[in-house]
Amino acid sequence: MADPMRIRAQAAGDKTTVRVLMSHEMETGQRKDSAGKVIPAWFIQEVTATHNGKTVLTADWGPSISKNPFLQFVVKGAKAGDKIAITWVDNKGDKRTDEATVS
Amino acid sequence: MQTRREMLARSATVAGLLAAAGFLPTSALAAWPQAAFDAKTLADAVKALGGSAPVESKDVSITGPDIAENGAVVPLGCATTLPGVKRLLLLVEKNPNVLAAVFNVTDAIETNLSTRTKMGQSSNVFAVAMMGDGKVLYAAKEIKVTLGGCGG
């Protein structure tokens, strides 16, 4: 199981800015190790964000997203105390969900 | 001779059949647009996602540095003020596969997203907005990379 995500959700007026830092290698499948063998691709393919259980954003990612990916988005109408949950699934089928409270 | 395009189309069909038969491990993997991520140009990637020919527009904006010191971490943002956006795409022209990310946005999200991408070399980056009415708009920006982020 991968390390937890760091999620910050800050409300300003009726908008909430959510910043997510995921912990993932994001191997492209283009690199070679010291023995010249290709390191197989290993990257996050799908990210889902929910606000109080309702899906507000889904993203499909390719291997060209950076290692330990960062994602920022703005949710309309989220208030302090609301729950923001982020789920990712990588190309090996591994997944992780973390939740944060809007402050 | 079988062209790459035919091959891709065929593998998409096979993947679809496999998914329908429940052979793929998760639904998430079946939904991932493989053909779009294999595309080598902006037009091909948009086409693989079912969009029409992209048109440059001032209403879409892309943010990023003019010069990126480290190509492994290039902060990119895409934004548009237009209503009715279905998808936002981020692409890096000279990466092995141009498409970096597809964001399926809903009404509850502002169409302003940021993330970080890898860039193998200096190139143009594109932000593409696929609208609900079928229009595809894009904005481009050139980013110079001092140290590439895709090599070994």
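Among the elements of chain B in this predicted model, confidence is lowest in helix 2, with a mean pLDDT of 51, and highest in strand 7, with a mean of 88. Over chain B as a whole the average pLDDT is 77, and 77% of the residues score at least 70. Residues 21–29 of chain B remain under a pLDDT of 50, and for this stretch the model has twelve contacts beyond four places in sequence. Where pLDDT is low, the predicted coordinates should not be read in detail. For the model, the scores are ipTM 0.83 and pTM 0.75.

Chain A contains zero helices and seven strands, so that its pattern along the sequence reads β-β-β-β-β-β-β. The C-alpha trace of this chain spans about 55 × 20 × 20 Å along its principal axes, and 36% of its 103 residues count as buried. Among the contacts in chain A between residues at least 6 apart in sequence, 55% join residues at least 24 apart.

Two loop residues of chain A adopt positive phi values although neither is a glycine. Met26(A), with phi near 55°, is found in the loop between strand 2 (15–21) and strand 3 (44–51) of chain A, and is classed as buried because 22 other C-beta atoms lie within 10 Å, the threshold for burial being 20 or more. Asn68(A), with phi near 50°, is found in the loop between strand 4 (54–61) and strand 5 of chain A; this residue is partly exposed, since its count of other C-beta atoms within 10 Å is 16. Most residues other than glycine have a negative phi.

The contact between the two chains involves 33 residues of chain B and 30 residues of chain A. On the side of chain B that touches chain A, helix 2 (27–31), strand 6 (99–105) and strand 7 (112–117) of chain B each supply at least two residues, and strand 6 of chain B gives the most, with seven residues. By class, this side of chain B has 20 nonpolar, ten polar and three charged residues.

Strand pairing also links the chains. Strand 5 (residues 70–76) of chain A and strand 7 of chain B pair in the antiparallel sense over two bridges, and Leu71(A) has Thr115(B) as its bridge partner in strand 7 of chain B. An open sheet of six strands, with antiparallel pairing, has the order 1(A)-2(A)-5(A)-7(B)-4(B)-2(B). Strand 1 (6–12) of chain A and strand 2 (60–63) of chain B stand at the edges of this sheet, and because each has a single partner strand, one side of each is left without a neighbour in the sheet. Neighbouring strands of the sheet are turned against each other by 15° on average, direction ignored. Within chain B, strand 2 is joined to strand 4 (residues 74–80) by four bridges, the two strands running antiparallel, and Ile62(B) stands opposite Cys78(B) in strand 4 of chain B.

Further antiparallel pairing in chain B involves strand 8 (residues 123–131), which pairs with strand 5 (residues 85–92) of chain B over seven bridges and is joined to strand 9 (residues 136–147) of chain B by eight bridges. Val125(B) is the bridge partner, in strand 8 of chain B, of Val92(B), and Val125(B) also stands opposite Lys141(B) in strand 9 of chain B. The hairpin of strands 8 and 9 of chain B has four residues between the strands, and Gly134(B) in this hairpin takes a positive phi near 95°.

The largest nonpolar core has 64 residues, and those with the most contacts inside it include Leu88(B), Phe126(B) and Ala127(B). Beyond residues up to four places away in sequence, Ala127(B) touches Val60(B), Ser61(B), Ile62(B), Cys78(B), Leu88(B), Leu90(B), Tyr138(B) and Ala139(B). Two of these contact residues, Ile62(B) and Cys78(B), stand opposite each other, with Cys78(B) in strand 4 of chain B.

Asn70(B), in contrast to the buried core, is found in strand 3 (residues 67–70) of chain B and counts as partly exposed because 14 C-beta neighbours lie inside 10 Å. Asn70(B) and Asp59(B) are eleven residues apart in sequence, and their C-alpha atoms are 29 Å apart in space.

Conventions. Residues are numbered from 1 along each chain as its sequence is written. Chains are lettered from A and ligands numbered from 1 in the order in which they are written. This is a predicted model: local features need pLDDT of at least 70, side-chain atom pairs count only at pLDDT 80 or more; totals for chains, interfaces and linings use all residues. A nonpolar core is a set of buried Ala, Val, Leu, Ile, Met, Phe, Trp, Tyr and Cys residues joined through C-beta atoms within 7 Å. A residue is buried if 20 or more other C-beta atoms lie within 10 Å of its own, exposed if 12 or fewer, and partly exposed in between; C-beta atoms are placed from the backbone. Two residues are in contact if their C-beta atoms, placed from the backbone, lie within 7 Å. Ala, Val, Leu, Ile, Met, Phe, Trp, Tyr, Cys and Pro count as nonpolar, Asp, Glu, Lys and Arg as charged, and the others, Gly among them, as polar. Two strands pair if DSSP finds at least two bridges between them. pLDDT is the predictor's confidence in each residue, from 0 to 100. Axes are lines fitted to C-alpha atoms, for helices over the stretch in contact, and angles run from 0 to 180 degrees between N-to-C directions.
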